[in-house]
Amino acid sequence: MEYDVEKIVNDMDFFSDSLVDCGNVMLTNREIEVLERYKIDYKSCSNLKDVLMRIEDVFYNEDLELLDDLDAISLTIAERDYYENTNK
C-alpha cells in the first residue's frame, strides 16, 4: 500500500491543538471553539477549575447526549489542570 505523505501532512491540523493564552488560562484553539459554541465565558476565569465549573453548569442545564464535544474538551482541560497543579 502506498501513502501520499504530502496529502497526509497537509490534512493534519496542527493549529487546533495549539495552546493560546486567554488571560489567566491556557486553552487550545479547539477548546476555545467549543467553549464559544456553548457561550461559556472562559476569558473571565481565573484558572482551569473555573472553566470546568462553567462547563459543569452547562451539563446541568442541557441534554448530556448532545454535549459530546463539550465532554471531550472538559476531559482534556481536567487532565491539563491535574498535571499543571499537582505537586510532583
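**Entry 1: cysteines**

A disulfide is a pair of cysteine sulfur atoms within 2.5 Å. I started with that rule, keeping in mind that this is a predicted model. By this rule I count zero disulfides.

Why does Cys 22 form no bond with Cys 45? I looked up the gap: the closest cysteine sulfur to that of Cys 22 is in Cys 45, 9.8 Å away, which is too far for a bond. Starting from Cys 45, I get the matching result, since its closest cysteine sulfur is in Cys 22, at 9.8 Å. I also checked how covered these two residues are. Cys 22 counts as buried at 11% relative accessibility, and Cys 45 is buried too, with a relative accessible area of 1%.

**Entry 2: helix H2 and what lies over it**

Next I turned to helix H2, which spans residues 29-37. Which residues of H2 are buried? My list reads Asn 29, Glu 31, Ile 32, Val 34 and Leu 35. I then asked what covers them, and the cover includes strand S1 (19-21), strand S2 (26-28), H3 and H4.

One backbone note belongs here. Just after H2, Lys 39 takes a positive phi of about 55 degrees.

**Entry 3: Glu 31**

Glu 31 caught my eye in the list for H2, so I gave this residue an entry of its own; Glu 31 has a relative accessible area of 3%, and is buried. What does Glu 31 touch, not counting residues up to four places away in sequence? I found Ile 73, Thr 76, Ile 77 and Arg 80.

Two of these partners deserve a closer look. With Thr 76, the side chain of Glu 31 makes a polar contact of 2.8 Å. With Arg 80, Glu 31 forms a salt bridge, and the closest N and O atoms are 2.6 Å apart. This pair links distant parts of the chain: Glu 31 sits in helix H2 and Arg 80 in helix H4, 49 residues apart. I noted that Glu 31 and Arg 80 are both buried.

**Entry 4: more salt bridges**

A general reminder to myself: side chains of opposite charge can pair when their charged atoms come close. How many salt bridges are there? I count five, and the Glu 31 and Arg 80 pair above is one of them.

I followed Arg 37 next. The side chains of Glu 33 and Arg 37 meet in a salt bridge, 3.1 Å from N to O. Both residues lie in helix H2, four residues apart, or about one turn of the helix. Arg 37 also meets Asp 69 in a salt bridge, with 2.1 Å from N to O. Here Arg 37 is in helix H2 and Asp 69 in helix H4, so the pair ties together parts that are 32 residues apart in sequence. I can therefore write down a network of salt bridges that links Glu 33, Arg 37 and Asp 69.

Are the members of this network buried or partly exposed? Glu 33 counts as partly exposed at 48% relative accessibility, Arg 37 counts as partly exposed at 43%, and Asp 69 is partly exposed with a relative accessible area of 24%.

**Entry 5: the nonpolar core**

In soluble globular proteins, nonpolar side chains tend to be buried together. With that in mind I looked up the largest nonpolar core, which has 19 residues. Which members touch the most other members? They are Leu 27, Leu 35, Tyr 42, Val 51, Ile 55, Leu 70 and Ile 77. The elements that give two or more residues to this core are H2, helix H3 (48-61) and helix H4 (68-85). The largest share, six residues, comes from H3.

I picked Leu 70 to see one member in detail. Leaving aside neighbours within four places in sequence, Leu 70 is in contact with Val 34, Leu 35, Tyr 38, Ile 40, Ile 55, Val 58 and Phe 59.

**Entry 6: aromatic rings**

Last, I checked the rings. The structure holds one aromatic pair, formed by Tyr 82 and Tyr 83. Their arrangement is edge-to-face, with 5.1 Å centre to centre and 80 degrees between the planes. Tyr 82 counts as partly exposed at 49% relative accessibility, and Tyr 83 counts as partly exposed at 47%.

Key
Residues numbered from 1 in each chain as written. Predicted model: local features only at pLDDT ≥ 70, side-chain atom pairs only at ≥ 80, totals over all residues. Heavy atoms only, no water. Buried < 20%, exposed > 50% of the residue type's maximum accessible area, 1.4 Å probe, protein only. Polar contact = N/O pair within 3.5 Å; in protein donor to acceptor, adjacent residues only side chain to side chain. Contact = heavy atoms within 4.5 Å. Core = buried A, V, L, I, M, F, W, Y, C linked by side-chain atoms within 4.5 Å. Phe/Tyr/Trp six-rings, centres within 6.5 Å; stacked < 30°, edge-to-face > 60°. Salt bridge = Lys/Arg side-chain N within 4 Å of Asp/Glu carboxyl O.
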